[in-house]
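Q: Hi! Could you walk me through this model while I have it open? I'd like to start with the cysteines.

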Amino acid sequence: VIKCKAAVAWEAGKPLSIEEVEVAPPKAHEVRIKIVATAVCHTDAYTLSGADPEGCFPVILGHEGAGIVESVGEGVTKVKKGDTVIPLYIPQCGECKFCKNPKTNLCQKIRITQGKGVMPDGTSRFTCKGKQIYHFMGTSTFSEYTVVADISIAKIDAAAPLDKVCLLGCGISTGYGAAVNTAKVEPGSTCAVFGLGGVGLAVIMGCKIAGASRIIGIDINKDKYAKAKEFGATECISPQDSKKPIQEVLVEMTDGGVDYSFECIGNVGVMRAALEACHKGWGVSVIVGVAAAGQEISTRPFQLVTGRTWKGTAFGGWKSVDNVPKLVTEYMSKKIKVDEFVTHTLPFDKINEAFELMHSGK
């Protein structure tokens, strides 16, 4: 058993608490990782807020991490002690019908136990003050050591800087893949990206790499426009600058609508606007943002009858074990940006400040 520091969420709506926790050794087909770096994501904040119906407390959150394998359980063959790895919240077992189907990346092998906050055998590897602590998204990267299933881990280039590539565990991969895998953006096309946070910037990067000729960034926070243009946005607009609905503004700007649109916020009203900003006959709109539980999307069926397509994406459509190492290689060869997504680097005990910075759009 390893004793180490972790940020524990004891209950919904309260700040995280830095505690000493005990991390049990890995069982069969499990891996214990020393987490070197982790990022914060809106998904962690969503669960912490209490709005997530799958949220269990007390829990160790975090799902954008990178580290070094400390030890492996019985039967683990893909990684060994000392390997550099990124934990994966969408695993890839290679055996379920989802993994065998090239159309999806949504491995279902451990979905049920992962959603309940436990390891595949139904138990937790974390305790604190004598209490069992739940796992989160199969990763729990807000701990100096964590235990994951051996199908929830990608072995990456040992030379990669972990304080950067941890971002490939969620946000950057999600946005980039939404453009290149889910939408399959074509050269010369026109794109609209709603929400210019980390995921939105990654979508812009993907659209640019795919050869889009016009990329319109949309956000009410104008402080984000300069960064969006660095990533490849050709122009940025705010929905608050016009009396007309944003979809009408975009249809006028683009002679009938955009070829591809992306919703990167998780707002069902914006999801409708993103679809309706698409061009009749061929426009494709991708939902990337995660809306709160119980919310529903709506539009007039005529929008779809007249040739628009509504799609969704999780982790950018990447089959995780196969593709995360390739994404790290693309970063190392400077094909994709990662460093530019990092705004602040804080010590672990300032994790609540990191969430405040994220919520304030900084």
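Q: How far is the sulfur of Cys170 from the closest cysteine sulfur?
A: It's 4.2 Å, and the closest one sits in Cys41. A disulfide needs sulfur atoms within 2.5 Å, so that pair is too far for a bond. Keep in mind that this is a predicted model.

Q: Is Cys170 buried or exposed?
A: Cys170 is buried, at 7% relative accessibility.

Q: And what about Cys4, which cysteine sulfur is closest there?
A: That would be the one in Cys128, 10 Å away, again too far for a bond. Cys4 is buried too, with a relative accessible area of 6%.

Q: So how many disulfides does the structure hold?
A: Zero.

Q: Switching to the sheet: what's the strand order?
A: It goes E4-E1-E2-E7-E8, an open sheet of five strands with antiparallel pairing. Strands E4 (59-60) and E8 (131-133) have a single partner strand each, so they stand at the edges with one side lacking a neighbour in the sheet.

Q: What joins E2 to E7?
A: Two bridges do, between residues 17-23 of E2 and residues 126-128 of E7. In one of these strands, E7, Thr127 is the bridge partner of Glu22.

Q: Now the largest nonpolar core, which residues touch the most other members?
A: Leu16, Val165, Leu168, Val185, Cys207 and Phe262, out of 81 residues. Domain 1 (2-169 + 319-360) and domain 2 (174-313) both contribute residues, so this core lies between them.

Q: What does Leu16 contact further along the sequence, beyond four places?
A: Its contacts include Leu48, Leu61, Phe142, Ile351 and Phe355.

Definitions and conventions
Residues are numbered from 1 along each chain as its sequence is written. This is a predicted model: local features need pLDDT of at least 70, side-chain atom pairs count only at pLDDT 80 or more; totals for chains, interfaces and linings use all residues. Side-chain values use heavy atoms; hydrogens and water are left out. Buried means under 20% relative accessible area, exposed over 50%, partly exposed in between (1.4 Å probe, protein chains only). Two strands pair if DSSP finds at least two bridges between them. Helices (H or I, at least four residues) and strands (E, at least two) are DSSP runs, numbered from the N terminus. A nonpolar core is a set of buried Ala, Val, Leu, Ile, Met, Phe, Trp, Tyr and Cys residues joined through side-chain atoms within 4.5 Å. Domain bounds come from an automatic or database domain assignment. Contact means heavy atoms within 4.5 Å.
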